[in-house]
Amino acid sequence: MAIYAHPDDAEFGMAGTVAKWVKAGVEFTYCMVTNGASGSQDPEMTRARLREIRMEEQREAARILGVKKVVFLDFEDGYLEPTIDVRRAVAREIRIYRPDAIFTMDPTTRYAGSYVNHPDHIAAAEVVLRSINPDASTRQMLPELWQSEKLEPHKPKALFLMSLGAESDAIVDVSAVVETKTKALLAHKSQIEPEAVEFVRSWMREAGKAKGYRYAEAFKVLNFEEEAIVRPRERKAPRVRVRRASRSTTPSPRGRPSRRGRSSG
């Protein structure tokens with residue numbers, strides 16, 4: 001499951017890995033927290049119209065990648081905060097779909113190069129961390145999900161945080177699916193200028209240099225199977241296999257490509 005703030009967020013930094021895993025037989029679900037309605041500078045555009053455009057663009061991108069399900073939580077773009085209502089909504093989807101792995105952005109990333117991170121990105125990722133502990137994993141946290149909705153607690157086996165800097169500890173080779181990722185990115189026609197594709201490709205080439213991959217995506221990975229050492233009576237989950245990257249050689253991007261007439265993420 002990929003949990004992210006806006007339409008196109010996943011396509012920038014995770015979609016290559018998503019496409020690769022789907023190709024290998026993994027079933028993927030997208031959970032988009034906001035409605036994308038702030039992403040335009042067009043004075044003739046309305047929030048209601050843009051909401052529909054961007055949701056349809058996300059559906060098309062998911063179809064290209066082979067993502068089975070897209071969940072729209074429909075919180076307002078640009079106004080997202082890690083409130084208890086947002087936390088409950090995200091925890092609900094995690095308990096419904098019970099993913100083995102969750103992908104999101106890194107809530108500690110506030111800027112990289114000349115790029116200042118969008119507050120919705122930070123808020124959505126913060127909510128995901130709170131879902132790991134305690135919202136989705138603890139029975140007496142948000143007890144209405146268990147008592148009224150019959151949704152049992154769930155904690156994934158691993159959490160992948162999209163990395164923009166030198167803190168990456170996993171590099172995923174996405175060379176074989178780079179064209180699929182590109183098509184999915186371009187599905188966001190209201191946001192993505194065609195010339196931005198080369199920037200994304202250059203970003204992926206930089207990410208792959210440490211391991212000699214033509215194109216790659218970088219992540220910080222939290223592997224929760226290690227808790228089996230602390231609580232040996234619990235069944236140990238299968239290991240999430242990732243290649244390790246050197247902390248000293250993982251490159252940092254200079255920024256993020258501009259989007260067509262928008263200030264939102």
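Modeller: Contact here means heavy atoms within 4.5 Å, while helices (H or I, at least four residues) and strands (E, at least two) are DSSP runs numbered from the N terminus. The model is predicted: local features need pLDDT of at least 70, side-chain atom pairs count only at pLDDT 80 or more, and totals for chains, interfaces and linings use all residues. Residues are numbered from 1 along each chain as its sequence is written, and side-chain values use heavy atoms, leaving out hydrogens and water.

Colleague: Happy with that! Which residues of H3 meet H7?

Modeller: On the H7 side, the residues involved are Thr180, Lys181, Lys183 and Ala184. Their partners in H3 are Ala61, Ile64 and Leu65.

Colleague: And at what angle do the axes of H3 and H7 cross?

Modeller: With lines fitted to C-alpha atoms over the stretch in contact, and angles from 0 to 180 degrees between N-to-C directions, the two axes come within 8 Å. H3 and H7 are therefore roughly antiparallel to each other, a label for angles over 145 degrees (under 35 is roughly parallel, 65 to 115 roughly perpendicular, the rest oblique). The crossing angle of H3 and H7 is roughly 170°.

Colleague: Why do the buried residues of H7 line one face of the helix?

Modeller: Buried means under 20% relative accessible area (over 50% is exposed, in between partly exposed; 1.4 Å probe, protein chains only). In H7, residues 178-186, that covers Val178, Lys181, Thr182, Ala184 and Leu185. They line one face because, taking directions from the helix axis to the C-beta atoms, they fall within an arc of 165°.

Colleague: Is Leu185 buried or exposed?

Modeller: Leu185 lies in helix H7 and touches Glu11, Phe12, Ile192 and Val200, leaving aside residues up to four places away in sequence. Its C-alpha atom is 8.9 Å from that of Ala10, although 175 residues separate the two along the chain. At 3% relative accessibility, Leu185 counts as buried.

Colleague: Let's turn to strand E7. Which of its residues point the other way from Ala158, Phe160 and Met162?

Modeller: In a regular strand the side chains alternate between the two faces of the sheet. Five of the five residues of E7 (158-162) are buried. Opposite Ala158, Phe160 and Met162 point Leu159 and Leu161.

Colleague: Which strand pairs with E7 in the antiparallel sense?

Modeller: Strands pair if DSSP finds at least two bridges between them. E4 (101-105) pairs with E7 in the parallel sense over five bridges, with Phe103 opposite Phe160. On the antiparallel side, Leu159 has Leu222 as its bridge partner, and the strand that pairs with E7 over five bridges is E9.
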